[in-house]
Amino acid sequence: MAADNVSFVGFAYTQFALPVRVAPGGRFDFRPAANLSSPAAVMPLVLMSDDGRVELLAPLGAWHEQVIAVDQDDAIAGFRWGWHGDLADVPAGFRAELGIFTGTSIREVFDRWGGTIRTAAGTQRPGSDVDPLLTHLSYWTDNGAAYWYRTEPGADLTSTLQGKVAELDELGVSVRSVELDSWFYPHEISRPVAEVGYLEEVPPTGMLSWTPRADVLPGGSAACEPSSATGRSCCTAATSRPHRPISNKVNGGSIAPLTLSTRPSSGAGSTMRPPGVRPASSKTG
């Protein structure tokens, strides 16, 4: 790909992996809004030339431990790929692999990436018709929603959501599932839940237990299922893990994360420049 005819789409290390787009000759902008910013890093990264060629650089494992650092002022000058700079140590034999997929559209290369991962894991993709989130309307309480860490005056979140779903039923807008976002489980520093108003501060801490907060959903997640007769269900969010094991009610076990530090570091280990990028792996001895 020639330097003057390549555009990019990367997924930034910020809330919801917001896409960062760069037109030919342009620059990466990691401040899509006044209240949002992220490091000059992406994963995965898509390169598109004006002759229709598309390349995808995406992880094949160690999803959170590798990163692509980019030059904000000169996107085509090169990318630095390596382990995340916040990693303090990794176990012997730890391996990170980056895949490079080519095609003629973003959909095609992402399908190839997904197929490669599913094949390696032996995963069978279910049909979309078995997931009510894809077949029916659902009600969400995620970041920015009316009831994200907020309730109606004089009500708790259970009664707030039951009332809203009942109101939608009366209007003939029936939803089959209700999403419970990060407000429903405890964090290292639990975030306050208050009446309708703007949430001024969200402590950036990981979840301690993937279970309902007793002070928010005293009846458990079932409390947000207004009627079992409707077949309505809950879908739940998950977030980053803290620096210590967490409790997971689904399997009754714990998850021990890698040891992390907050020291700044680029974490970049290998330089890649289009054209001529090749599959690469990084491994400890």
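**Helices, salt bridges and confidence in a predicted chain**

Let me open with a single pair of side chains: Glu167 and Lys164 are joined by a salt bridge, at 3.1 Å from N to O. I should say at once that this is a predicted model. The two residues sit three places apart in helix α3, so about one helical turn separates them. In general, an α-helix has 3.6 residues a turn, so residues three or four places apart point the same way. The partners differ in their surroundings: Glu167 is partly exposed, with a relative accessible area of 37%, whereas Lys164 is buried, at 18%. The cut-off for buried is under 20%.

I turn now to the helix that carries this pair. Helix α3 runs over residues 157–170, 14 residues in total. From first C-alpha to last it reaches 20 Å, close to the 20 Å expected at 1.5 Å a residue. Which residues of α3 are buried? They are Leu157, Thr158, Thr160, Leu161, Lys164, Val165 and Leu168. Viewed down the helix axis, these buried residues fall within an arc of 170°, and they therefore line one face of α3. As for what covers the buried residues, the list includes three strands: β8 (138–139), β9 (150–151) and β10 (177–180).

Both ends of α3 deserve a remark. At the start, a side-chain oxygen of Asp156 comes to within 3.3 Å of the backbone nitrogen of Thr158. Just after the helix, Gly172 adopts a positive phi of about 80°.

Next, helix α1, which spans residues 106–121. This helix has 16 residues and extends 23 Å between its first and last C-alpha atoms, close to the 22 Å expected at 1.5 Å a residue. What are the buried residues of α1? They are Val109, Trp113, Gly114 and Gly115. These pack against strands β3 (41–49), β4 (54–59) and β7. After α1 comes Gly122, which has a positive phi, near 70°.

Helix α1 also holds a salt bridge within itself. Arg112 pairs with Glu108, and their closest N and O atoms are 2.8 Å apart. Both residues belong to α1, where they are four residues apart, about one turn of the helix. Here both partners are partly exposed: Arg112 has a relative accessible area of 40%, and Glu108 has one of 23%.

How many salt bridges does a search of the whole structure find? The search finds five. I shall describe one further example, between Asp215 and Arg213, with 2.8 Å between the closest N and O atoms. Asp215 counts as exposed, at 59% relative accessibility, while Arg213 counts as buried, at 6%. As a general matter, side chains of opposite charge can pair when their charged atoms come close.

Let me now step back to the chain as a whole. Its secondary structure comes to three helices and 16 strands. Of the 285 residues, 38% are buried. Taking contacts between residues at least 6 apart in sequence, 66% join residues at least 24 apart.

Two individual residues illustrate separation in sequence and in space. The first is Phe8, located in strand β1 (residues 6–12). Phe8 is buried, with a relative accessible area of 3%. Twelve residues separate Phe8 from Val20 in sequence, and their C-alpha atoms are 7.9 Å apart. The second is His84, in the loop between β6 (79–83) and β7 (95–103). Is His84 buried or partly exposed? With a relative accessible area of 25%, His84 is partly exposed. His84 and Ala41 are 43 residues apart in sequence, and 9.8 Å apart from C-alpha to C-alpha.

I close with the matter of confidence. The chain has a mean pLDDT of 74, and 70% of its residues reach 70 or more. Where does pLDDT stay under 50? It does so over residues 243–285, for which the model has 107 contacts beyond four places in sequence. Where pLDDT is low, the predicted coordinates should not be read in detail.

Conventions:
Residues numbered from 1 in each chain as written. Heavy atoms only, no water. Expected span 1.5 Å × (residues − 1). Buried < 20%, exposed > 50% of the residue type's maximum accessible area, 1.4 Å probe, protein only. Arc of directions from axis to C-beta. Contact = heavy atoms within 4.5 Å. Polar contact = N/O pair within 3.5 Å; in protein donor to acceptor, adjacent residues only side chain to side chain. pLDDT = per-residue confidence, 0-100. Salt bridge = Lys/Arg side-chain N within 4 Å of Asp/Glu carboxyl O.
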